[in-house]
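Biologist: Could you walk me through this model before I set anything up? I'd like to ask you things as they come to mind.

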Amino acid sequence: MKSLSAAAIAEMVNGKILGDENKVCTGVASVRDANSDTISFVGSKKYQHQLESTTAGIVLINKDLEKEPLNGRTFIVCDNVDLAFAQVLEFFAPEPIVYAPGIHPAASVDPSAKIGKDVHIGACAVVDRDAEIGDNTVILPGAYIGVGAKVGKACYIAPNAVVMFRCTLGDKVVVHPGVVIGGDGFGFIPGPQGLVKVPQTGIVEIGSDVEIGANTTIDRARFGKTRIKDNVKIDNQVMIAHNVEIGESSILVAQCGIAGSAQIGRGVILAAKVGINGHISIGDGVQVAGTSGVVKSVPAGSIVMGTPAEGQRDFMARLMLPKKVEKLQAKIEALTAEIEKLKAGN
Amino acid sequence: MKSLSAAAIAEMVNGKILGDENKVCTGVASVRDANSDTISFVGSKKYQHQLESTTAGIVLINKDLEKEPLNGRTFIVCDNVDLAFAQVLEFFAPEPIVYAPGIHPAASVDPSAKIGKDVHIGACAVVDRDAEIGDNTVILPGAYIGVGAKVGKACYIAPNAVVMFRCTLGDKVVVHPGVVIGGDGFGFIPGPQGLVKVPQTGIVEIGSDVEIGANTTIDRARFGKTRIKDNVKIDNQVMIAHNVEIGESSILVAQCGIAGSAQIGRGVILAAKVGINGHISIGDGVQVAGTSGVVKSVPAGSIVMGTPAEGQRDFMARLMLPKKVEKLQAKIEALTAEIEKLKAGN
Amino acid sequence: MKSLSAAAIAEMVNGKILGDENKVCTGVASVRDANSDTISFVGSKKYQHQLESTTAGIVLINKDLEKEPLNGRTFIVCDNVDLAFAQVLEFFAPEPIVYAPGIHPAASVDPSAKIGKDVHIGACAVVDRDAEIGDNTVILPGAYIGVGAKVGKACYIAPNAVVMFRCTLGDKVVVHPGVVIGGDGFGFIPGPQGLVKVPQTGIVEIGSDVEIGANTTIDRARFGKTRIKDNVKIDNQVMIAHNVEIGESSILVAQCGIAGSAQIGRGVILAAKVGINGHISIGDGVQVAGTSGVVKSVPAGSIVMGTPAEGQRDFMARLMLPKKVEKLQAKIEALTAEIEKLKAGN
């Protein structure tokens, strides 16, 4: 069984020990589930009450919590407790699953496909004609790589994910199960005999180091490209419509939806369940609060919330409106009484 | 063709006949689609107008509707019309589809996997190495059971569902098509060279008698377990993030999303499209109205609604605010007139 | 390389040339990405600023933009710029992917299934027993057609889509990847030993010319049918519950959810992320704005928005409420001052 002493942890994470440097733990747990053999962490003042109650053997804490009482346990003060705990986690992590190079006999790889070196292709995965798979990429069971699609190097395509024809992925892209890249964009025009489909002749182009969560869908462009740039991180069940462009290192949390041709800048954070209207621009570094509906373009650096989305001050004013109205009502009642008095005085 | 008389139905559901006990029907239909050969039901006063208009041959009704006029048809009064109609439905239901024990020659089962007795594994389903499948479980075409995953007894894993490595399912778990259990949790930390992935080294642990709707996703824990306890019922397209815990017999309706490390109690009902913030607790028996966004912990037994979610009284006050403000406006106008009169009087 | 002159485009789309009829382009692009060799379009006054800045060689414009300055480029004035541009797009579109008739040796087709003429069935697709597939239908890799399901003629079933047992599809139905048709409806009744599943014994019946976006789910009826009528167009990640009925030519944009037994009329448009309560009716031609939550029936022809959904006038009044209240507050302060004066005057 793996184990770590407080001294070893402190060295690993460049932290400062408060307590017993010889204390040894054999695993990790949340502060809630912890026992005296496990290492846990408390990252902010908000959770410092958990520091009092936890039974963890060793607790990693942020330096702003340094003066907290020890209650006989061992704390390790860190500059960035999240990064530090990630290192400890990695030490204790179970052996990663290895998918060794090779093509499973039950995989179906078209003879015209170009398969790089040391590629793993699992059972019942299908690589269609003229597709290209880069070196060291893993394609797990049931995944589908479409006609003429290109997957870069060291990618991970999870079970039952789908990359449709002609779409392209950079290197080190992680595609979780059930993802659909390159389904048709949604475009119909009312015609004399009903709705006429607008052909969706473009593709999806995914950069490198992108991660795409389970059952997310990214539609192919009407023409040209739907673009997901490098380092973008997308959570589960996100919907990205045709011709959207997402700038580098943006983060899209679960169940967001982005309508057609919207432009999302770099370093944007869309929290869970956000909706973005079509044909608008979200500037670099914008943060949108969860469940917001953004209906017009947002300048770089803004924080917006609510539906329709507005700035925090306006949102809070709206939120507090019932209380404000109650005060006005009281004021009006007081004025009414004053007036009655005045009338009586006349 | 199957048929049932009113007398037979009354005996089956322990109901009371109003009308012709010899009336025979040969099928079931909604009150809207019904004809004189079909059995239908009306469950509440809200729909009692349908009792007047329906052409159903026999109508199951709740006992609070007992005094309604018959219009020549046959009613059967039941204590619980939903349960009663379910029994009738079961009688008329088409033969259930049977998936006989056996492994389809086009299935791919790793030699190291442990397969129980009387298991069905369909074509192009994949059971990866060291996975374990309990007795009487059905795994349909295209489903994937990952490395070291454990599926209990009498489970039903629908086509193209995915259970990732090391995750565990109890007994009698129903997993609908396209479900993803055990995709990575969504965790990234800003680092000097961009976003750094936080390894997601835990698993998903599903209890027994759980049902999971189509295309729902449940992420594996950052470490430890994402836990879905016994008897939890989850609808389609629900998103459950890493390290969430859902208590026994809770119900999550379609398109809900639960952010990381949230704790959901027992017997909780989240209506459709609800969002729950990360790291908060939803107490036992809480009910959250559809589309609500819950941003802070909710005590047991509460009913909350809106975004941010609040109690019904506050929500209704907010909803009625435009009318309240209109009344205040009228009042202010009246006061203004009074003051004008006073000033004129001076 | 394909190319088109302004004269040829004008003839193709029945448009009027403003500028050089001999100008030749070799591709299409958005106004944003265009260069002097590409054709682009501007469809409304809202985007007419793009007409000034674009570097496109030829721009298709709507006739209400006809008087705009040319800046030396060539414009083609069209009656319906969307339809016109679609024609140009089609001309330049890459060769469509052809899936030739034939059953891939790695497909799994039950001997009892009835397969029409000129059907394509891809690798690892599974057609289960007693299923029927119409002439000229394409079933791509990993798709699953369940026991006794019927797929019409000239349908397109994308990779990893699922059609469950006994469900039926008309002709020319397009089913994108990851779609689930016929998962169980979500029905549970509290019983003495916990939640009891209500058997879902019905089917899904899809009309002709229906399109269903990636990862959308349509549940089978509790009994009878969940019905999607002809020409309905459904975007990605839409959730349609049991016993819902959707009328002809309605449009459901991404991430909508429709609860059980709701009736949606013909020609309805539900914008993105809309939620529709169970057991209500949405009349013909209704339009619901994005993210709205509709809790009661809506008469034909209405436009509704917000949660709970209301008419535009009420919605706008609610939206403007903070400003209205501010004005009332100022008014009250003025009245207070008046009263003070009156009191001083006494």
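What follows is a friendly exchange about the symmetry, the contacts, the domains and the sheets.

Biologist: Which relation links chain C to chain A?
Modeller: Keep in mind that this is a predicted model. Chain C superposes on chain A with an RMSD of 0.1 Å after a rotation of 120 degrees, with 0.0 Å of shift along the axis. Such a turn without a shift is the relation of a three-fold axis.

Biologist: Thanks! And by what turn can chain B be laid on chain A?
Modeller: The fit has an RMSD of 0.1 Å, and the shift along the axis is 0.0 Å. The turn that does this is 120 degrees.

Biologist: Which residue of chain B comes closest to the rotation axis?
Modeller: Going by C-alpha positions, the closest approach in chain B is 3.5 Å. For chain C, the residue in question is Cys124(C), also at 3.5 Å. In chain B it is Cys124(B).

Biologist: Let's turn to the contacts. Which element gives the most to the side of chain B that touches chain A?
Modeller: Here 48 residues of chain B are in contact with 51 residues of chain A. Several elements of chain B supply at least two residues each, including β21 (180–183), β26 (217–219) and α4 (312–319). That side of chain B has 26 nonpolar, 16 polar and six charged residues. The top contributor, with 11 residues, is α5(B).

Biologist: And how many charged residues are on the side of chain C that touches chain A?
Modeller: This contact takes 51 residues from chain C and 49 from chain A. α3 (81–92) and α5 (321–345) of chain C each supply at least two residues of that side, and α5(C) gives the most, with 11. Sorted by class, the chain C side has 27 nonpolar and 17 polar residues, and its charged ones number seven.

Biologist: How far apart do the C-alpha centres of domain 1 and domain 2 of chain A lie?
Modeller: Chain A is divided into domain 1, residues 4–92, and domain 2, residues 102–313. Between their C-alpha centres the distance is 38 Å.

Biologist: Is strand β5 of chain A largely enclosed or largely open, and how many of its residues are buried?
Modeller: Look at both faces of β5(A): on one side Thr38(A), Ser40(A) and Val42(A) are buried, and on the other Ile39(A) and Phe41(A) are too. The strand spans residues 38–42 and is largely enclosed by the rest of the structure, because its buried residues number five of the five.

Biologist: Which residue of β6(A) is the bridge partner of Val42(A)?
Modeller: On one flank, β4 (residues 27–28) of chain A runs parallel to β5(A) over two bridges, with Gly27(A) opposite Thr38(A). Four bridges join β5(A) to β6 (residues 58–62), again in parallel. With helix α2 (residues 48–53), β5(A) and β6(A) make a right-handed β-α-β unit. The partner of Val42(A) in β6(A) is Ile61(A).

Biologist: Last topic: which strands stand at the edges of the 12-strand sheet in chain B?
Modeller: The sheet is open, its pairing is mixed, and its order is β8-β11-β14-β17-β20-β25-β28-β31-β34-β37-β39-β40. Each edge strand has a single partner, so one side of each is left without a neighbour in the sheet; these are β8 (102–103) and β40 (310–311) of chain B.

Biologist: And which residue of β31(B) is the bridge partner of Lys233(B)?
Modeller: β28 (residues 233–234) and β31 (residues 251–252) of chain B pair in the parallel sense over two bridges. Opposite Lys233(B), the bridge partner in β31(B) is Ile251(B).

Definitions and conventions:
Residues numbered from 1 in each chain as written. Chains lettered and ligands numbered in written order. Predicted model: local features only at pLDDT ≥ 70, side-chain atom pairs only at ≥ 80, totals over all residues. Least-squares fit on C-alpha atoms with pLDDT ≥ 70 in both. Contact = placed C-beta atoms within 7 Å. Nonpolar A, V, L, I, M, F, W, Y, C, P; charged D, E, K, R; others polar. Domains from an automatic or database assignment. Buried ≥ 20, exposed ≤ 12 C-beta atoms within 10 Å, placed from the backbone. Pairing = 2+ DSSP bridges. Right-handed = clockwise from strand over helix to strand, strands pointing away.
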